[in-house]
Amino acid sequence: MTEAVSTQIQLVRRPQGWPVDEDFRTEKVAYGELAPGQIRVANTFLSVDPYMRGRMNDAESYIPPFELGKTMTGGAIGRVVASAADGFPVGAVVLHQYGWRDLVQEEAAGFTVVPEIPGVPLSLHLGILGMTGMTAYVGLTAIAGLNPGDTVFVSGAAGAVGTAVGQIAKLLGAGRVIGSAGSPEKVRLLTEKYGYDAAFNYKDAPVREQLAALAPEGVDVFFDNVGGDHLEAALDVMNREGRIAVCGAISVYNSTEKTPGPDNLSRIVQQSLTIKGFTLGGYLHLREEFGARMTEWFGQGAIAYDETIVDGVEHAVDAFLDMMRGKNTGKMVVRV
Ligand code: NDP
């Protein structure tokens, strides 16, 4: 196999507040002949995810910051176009973490072969069948200990994780499921397509008022993707022994100022609440369990999904920012 050129998006400056184009650059990187053990993969879809905003900062977290001058890493899926490694034939579909580039050439150990399912778009392995679907499942089961009949509230409900949470909660026997999202179209989809019993637009009126009106009998499980006003509103209405799975806090990811905490933390004591944060990386042992259940539900046609697709690796930054601004419904992916 001859040389090849890859278009890659690199982080060159740490964003202050909202990222801007100048924080990134597009580079052409040349790959030479394949070394023994390497494969070359043409990506078909790249993932853009909220956690990437945290990695753009030079701050200690559960994963190290992105390196300046290096290509943005992250979930991606593609096909092997050249191989010098056993078990990775040309044409195989592979998942990997090499991120925002159209072509990648690395040691085969960094890739996982994914069986192709006829009729199932490859992009779903970055969303409902992959990391975001599993996040929803883990949050509801291992973190929140969902019980049949529980009333569940989900913030960020129309996104990749949120659309999965509502449906999985129902499939696991939840009672009432309430969601919040940021547009009337999203709110309509939540009840019409994603199995939510009630939904509201958090931009219409204070979350506290809207949630209290829709949860007259309280909330047993809060799956939080947003934090801030959503967490405060949920604390107000949590039932005794309620569980809060803290999955994310996207309302503060681009903040430059420290944001004040909820004014009602005493509710944790009064209601004997459990609040537990999690990152999916700590629960990878549940991958098989999730895979088995999701495959079954998906095969039964019990899972709806949306994707918002942006074309072109050179638009990965736009896709990332659009997702952070709420222009996506379901999973945001870049099609290469
Ligand atoms: P989404 O597909 O949900 O996209 C992000 C959404 O966040 C936007 O569509 C937007 O929807 C919403 N949003 C943005 N700003 C605000 C705000 N200020 N207030 C309320 N909503 C806002 O992304 P993901 O599903 O990939 O991720 C959702 C959450 O889950 C994130 O917090 C992420 O960090 C977290 N996560 C955590 C994981 C873990 O292991 N703990 C793994 C994966 C994700 P809208 O139009 O409704 O505002």
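Q: How far apart do the C-alpha centres of domain 1 and domain 2 lie?
A: In this predicted model, the C-alpha centres of the two domains lie 29 Å apart. Domain 1 covers 4-125 + 306-335, while domain 2 covers 131-281. The contact between them draws on 17 residues from domain 1 and 15 residues from domain 2, where contact requires heavy atoms within 4.5 Å.

Q: What area is buried between domain 1 and domain 2?
A: About 1200 Å² is buried between domain 1 and domain 2, and carbon and sulfur atoms give 56% of that area.

Q: Why is the meeting of K193 and D306 called a salt bridge?
A: Let's check it against the cut-off. A salt bridge needs a side-chain nitrogen of Lys or Arg within 4 Å of a carboxyl oxygen of Asp or Glu. For the side chains of K193 and D306, the N to O distance is 3.1 Å, so the pair meets the rule. Side chains of opposite charge can pair when their charged atoms come close.

Q: How many salt bridges are counted between domain 1 and domain 2?
A: The count is 1 salt bridge between domain 1 and domain 2. Across this interface there are also 6 residue pairs in polar contact. On the side of domain 1 that touches domain 2, the residues divide into 6 nonpolar, 7 polar and 4 charged.

Q: What makes K331 and D49 a salt bridge?
A: The same reasoning works here: their side chains meet at 3.2 Å, N to O, and the limit is 4 Å, so this pair qualifies. K331 sits in strand β16 (residues 331-335), and D49 sits in the loop between β3 (38-47) and α1 (51-55). This pair links distant parts of the chain, 282 residues apart. A search of the whole structure finds 15 salt bridges.

Q: How many helices and strands does the protein have?
A: There are 9 helices and 16 strands.

Q: Why is the protein called as compact as a globular protein of that length?
A: Set one value beside the other: the radius of gyration is 21 Å, and the globule rule gives 20 Å for 336 residues. These are close, so the protein is as compact as a globular protein of that length. Its C-alpha atoms fill a box of roughly 65 × 45 × 35 Å along the principal axes.

Q: What is notable about phi of E241?
A: Most residues other than glycine have a negative phi. Phi of E241, however, is near 65°, a positive value in a residue other than glycine. E241 lies in strand β13 (residues 238-246).

Q: Where is S272 found?
A: S272 is found in the loop between α7 (266-270) and β14 (274-277). S272 is not a glycine, yet has a positive phi of about 55°.

Note on methods:
Residues are numbered from 1 along each chain as its sequence is written. This is a predicted model: local features need pLDDT of at least 70, side-chain atom pairs count only at pLDDT 80 or more; totals for chains, interfaces and linings use all residues. Side-chain values use heavy atoms; hydrogens and water are left out. Domain bounds come from an automatic or database domain assignment. Buried area is the accessible area (1.4 Å probe) that two parts lose on being put together, summed over both. A polar contact is a pair of N or O atoms within 3.5 Å; within protein, one must be able to donate a hydrogen and the other to accept it, and residues adjacent in sequence count only if both atoms are side-chain atoms. Ala, Val, Leu, Ile, Met, Phe, Trp, Tyr, Cys and Pro count as nonpolar, Asp, Glu, Lys and Arg as charged, and the others, Gly among them, as polar. Helices (H or I, at least four residues) and strands (E, at least two) are DSSP runs, numbered from the N terminus. The radius of gyration is taken over C-alpha atoms; the globule rule is 2.2 Å times the number of residues to the power 0.38.
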